[in-house]
Structure formats: structure tokens, C-alpha cells
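Please open the model in your viewer and keep the sequence panel beside it, since each stop on this tour begins with a selection.

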Amino acid sequence: MNPLEQGEHLLALKVMRLTRPTLVAPQVISCEPRDLPQFSLKQVLESEASIAGAETLAAGQFMLLPQSFGNIYLGETFSSYICVHNCTSHPVEGVTVKADLQSNNTRINLPMHENKTKPATLGPDETLDDTIRYEVKEIGTHILVCEVNYTTPAGLPQYFRKFFKFQVLKPLDVKTKFYNAEMDEIYLEAQIQNITTGPFCLEKVELDSSDQYTVTSLNTLPNGESVFTSKNMLQPNNSCQFLYCIKPKPEIAKDIKALRAANTVGKLDIVWRSNLGEKGRLQTSQLQRLPFEYKDVRLEVIDAMNIVKIGEPFTFTCRVTNTAERPMDLMVKLPTPLDYNCPYTGSAEFSLGVIDPGQYREFPMTICPSKLGLVKVTPLIFTNTLLQEQYTIEKVVDVFVVDTDYHEDESFQINKFVRYDNAPKIENQSMQLQVV
């Protein structure tokens with residue numbers, strides 16, 4: 001560090017940043033003795049080699065002690081060694097050291113010599129030192145202000161300050177993308193980019209959900225292994241994507257008004273290590289999902305088998321919810337054209353009665369598949385007879401129809417579907433990072 005101001009005093013102040021060494025690979029340049037440079041290159045290598053006989057050793061890497069202050073990134077811990085030395089030949093009394101870290105918005109006192117309750121007395125060539133640590137929480141210019149107070153042999157109080165300026169940089173760029181599924185589920189894709197000057201390893205990337213949602217990470221295989229390599233190493237400017245499934249809690253999913261208001265999903269918690277294990281941790285700001293845009297009708301398929309046999313009736317249960325702010329008297333209609341190409345039969349038309357806002361009504365639907373393969377049951381039409389409004393659900397349920405010799409001992413899966421009178425949507429966001 002280079003101080004911004006200096007003065008002549010009885011005590012000398014030194015401030016050094018504590019950081020880990022870096023790995024460097026030696027650059028070996030040599031030539032034959034009969035070439036023009038002859039032995040000059042070898043002499044240069046011998047003078048620069050730290051280990052005798054290793055001037056032409058190109059294998060492996062060496063540790064290089066920091067030659068400059070280096071970069072500090074948001075979320076990392078700033079560590080510094082502060083030393084006050086008595087340069088005179090007589091004792092200096094009443095020595096105290098104070099350190100403050102000043103950013104654009106705050107000024108924080110960094111505690112020093114907590115075990116010393118009284119000012120110290122330094123004899124000739126004695127030293128008063130301590131180490132300070134602080135997790136930087138703001139991006140931008142920071143100034144370390146060190147103040148030393150002491151008393152001269154004549155009893156005069158003296159003090160001086162030194163200022164050390166450094167920059168805190170942004171280490172990560174986080175971009176998120178939300179997908180509103182046809183059900184109440186939300187899928188979050190998070191892209192994390194390394195914008196530092198060196199590689200780092202992502203140790204943890206988790207989504208801490210809010211009180212309204214539960215989160216399932218989709219970044220692991222069924223056996224528990226990560227979909228990534230054992231170490232998520234990111235080179236500078238490289239990115240890595242993470243995927244999460246977010247579901248509203250049951251009490252929220254049942255209340256349409258609460259579901260519409262529950263826009264806060266949670267925060268991404270990111271932990272990384274760089275430069276021989278130096279740790280950094282950040283959280284994003286609160287993630288805001290794209291709100292569900294219900295119109296007036298919400299259809300849920302409570303249970304439906306994935307596989308059925310041809311010619312056998314297939315029954316599934318539906319639940320329709322009035323998401324409007326007015327009562328609705330609903331008529332249900334499943335039209336089935338009298339056409340040879342129609343893959344199923346089972347036309348239906350009946351009344352559900354009056355449904356109040358936020359309430360639902362369940363009803364069974366039965367069809368008889370007449371063709372093999374994937375059969376799509378569509379459309380299902382709801383008509384509000386009070387206002388003569390019509391709502392069409394284009395995709396109700398999909399079922400795979402097999403032949404009658406299909407083995408009975410094979411399990412038929414039962415799924416749950418949610419359909420709306422609107423399509424899923426996608427939202428992109430760029431996130432603000434903050435220290436935990």
C-alpha cells in the first residue's frame with residue numbers, strides 16, 4: 001500500500017495486506033552455446049532462479065509472494081497487518097492505534113488490541129502490532145484510515161494518520177430466468193459468470209426460499225451426485241447454469257389471492273473459493289417471480305393415468321376454480337366430433353351450478369380411447385351462463401393408449417395437472433449482489 005500522506009514522528013507505521021501467494025510457472029528461455037547469445041541467457045536464468053540448479057526446470061509451479069496490493073472482491077475478507085515501531089533510543093508512552101475503514105456510504109471502526117485496556121509503552125526497537133479482518137460489503141473505493149496516538153518524552157501528545165486507498169470489485173455476474181409452468185410450479189434458471197481476473201471454484205449455490213415457497217434443486221442426479229464435475233471450476237468470463245423447481249406451499253396454492261400476492265421467491269446464496277482457497281460469499285437481492293396471470297377459470301386434473309388400454313373407458317377427475325371476483329354459473333362441455341379420425345369417444349355436457357369467487361367444484365370425465373398411441377383430450381369448454389362468457393381449455397390431459405394385451409402387472413402412473421386459460425411465460429432478470 002502507498003500512503004496518501006506521511007509525516008516525521010517518533011513512531012513508524014507500516015500496513016501490509018495479508019493475502020495468499022499465487023502459483024506461477026517458470027519461463028525457461030535457453031539456447032545452444034554456439035548461438036549468438038551463447039551463455040548470456042543461462043546467466044540471466046541463474047541469477048533469477050530461487051533454487052540452485054533449477055534455472056532450467058520447467059516442470060511444476062512455484063509460489064510467488066504478493067508483489068502488489070492485488071484485487072479485492074465483494075464478499076471476500078480484507079485482512080491487514082498493522083505494525084507500529086519505536087525507531088528512537090528512548091521509550092515512547094501512551095501509544096494507541098485506531099483503524100477505520102471508510103467506503104462511499106459508511107465508516108466502520110475495526111477493533112484492534114482488544115486485550116489491551118490501557119495505552120502501551122514502547123521501548124527502543126519495540127513493536128505494537130495486530131491483524132484486522134473485515135468482510136467487505138460494498139463495491140467501490142475504500143480507504144483504510146490508521147491513526148496513531150502517543151506521548152513524547154517531553155509529555156506532549158502527538159498523533160498522525162495515514163490513509164490507504166483500494167478498490168473493491170464485483171466478482172460475479174448473476175442472471176436469472178423464470179419459467180411459469182402450466183402447473184403452479186415455477187422453474188428458475190440462474191447463470192453465474194466469473195468476472196474476476198482469475199479462476200475460482202463454486203463451493204455452494206443454493207436458493208433460500210421465502211416463507212411462501214418450497215425449493216427443489218435440479219442440479220443433482222437421482223443417486224445424489226451433482227450434474228457438474230466434482231469441482232465447479234470457472235475460468236475468467238466463463239459461466240455456469242443452475243436450475244431450481246419452486247412450488248408454492250399447500251396453504252398458498254389453495255388461496256388464489258395469496259398466490260397472486262406471493263411474488264417473492266427467495267435469494268441465491270453463493271459461496272466460492274479462489275487463489276489457494278480464499279473464501280467469498282454473496283447473496284442476491286430478493287428474486288421476484290413473474291406473477292400468475294389467471295383470467296377467470298382455473299382447471300386442475302386431480303388424477304389421470306398415463307397409460308390406458310384401447311376400448312376401455314378412461315375416467316379422470318377435474319377441479320375447476322373460480323378465480324374471478326364474481327360468482328359464476330358454469331356449464332361444462334366436452335365436444336367429441338363424429339369423425340373416423342377422432343381418437344376417443346365420450347361427449348359430455350352438464351352444469352356445475354353456481355361457484356363463488358375463490359371456490360372450486362370437482363367432477364369426473366370419462367372417455368373411451370379408440371386409437372393407439374398418444375391421445376390428447378381437448379378442448380374443454382366452460383360457459384358462464386350468468387354473463388354468457390366462454391372459456392376454452394385447449395389442453396386438458398394426455399394419455400398413452402396401448403393394446404389390450406398390455407401386462408396388468410405393469411404399474412399405471414397417476415399424475416396431477418393444472419391448466420389455465422393462458423400460456424406459461426418467461427421473465428429475464430439481472431440481479432444485485434449483496435454480502436450475507
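Is Cys342 buried or exposed? Select Cys342 in this predicted model: its relative accessibility is 11%, which is under the 20% cut-off, and therefore Cys342 counts as buried. Now add Cys240 to the selection, which also counts as buried because its relative accessibility is 11%. A disulfide is a covalent bond between the sulfur atoms of two cysteines. The count of disulfides in this model comes to zero.

Next, show the whole protein as a cartoon, where you should find three helices and 34 strands. Of the 436 residues in the protein, 39% are buried. If you list the contacts with a separation of 6 or more, 74% of them are accounted for by residues 24 or more positions apart. Switching to a surface view displays an accessible surface of about 24,300 Å², of which 50% belongs to carbon and sulfur atoms.

The aromatic side chains come next, and a search of the whole structure finds five aromatic pairs. Select Phe200 and Trp272, whose ring centres are 6.1 Å apart and whose planes meet at 45°, so that this pair is classed as tilted. The two residues come from distant parts of the chain, with Phe200 in strand β14 (residues 200–209) and Trp272 in strand β18 (residues 264–274), 72 residues apart. Both Phe200 and Trp272 are buried.

Move on to Phe350 and Phe363, an edge-to-face aromatic pair with 5.6 Å from centre to centre and 70° between the planes. Here too the pair links distant parts of the chain, since Phe350 is in strand β26 (residues 348–355) and Phe363 is in strand β27 (residues 360–369), 13 residues apart. Phe350 is partly exposed, with a relative accessible area of 26%, whereas Phe363 is buried, with a relative accessible area of 4%. Add Phe382 to the selection, and you will have a cluster of Phe350, Phe363 and Phe382 linked by ring pairs.

For the last stop, select Asp329, which is placed in strand β24 (residues 328–334). Which side chain of opposite charge is nearest to Asp329? That side chain is Arg361, 7.5 Å away, and Asp329, although buried, has no salt bridge. Leaving aside residues up to four places away in sequence, Asp329 touches Ser351, Gly353, Val354, Thr383, Asn384, Thr385 and Leu386, which you can display as sticks around Asp329.

Conventions
Residues numbered from 1 in each chain as written. Predicted model: local features only at pLDDT ≥ 70, side-chain atom pairs only at ≥ 80, totals over all residues. Heavy atoms only, no water. Helix = DSSP H or I, 4+ residues; strand = E, 2+ residues; numbered from the N terminus. Buried < 20%, exposed > 50% of the residue type's maximum accessible area, 1.4 Å probe, protein only. Lys, Arg positive; Asp, Glu negative; His and termini not counted. Salt bridge = Lys/Arg side-chain N within 4 Å of Asp/Glu carboxyl O. Contact = heavy atoms within 4.5 Å. Areas by Shrake-Rupley, 256 points an atom, 1.4 Å probe, with all protein chains shown as cover. Disulfide = S-S within 2.5 Å. Phe/Tyr/Trp six-rings, centres within 6.5 Å; stacked < 30°, edge-to-face > 60°.
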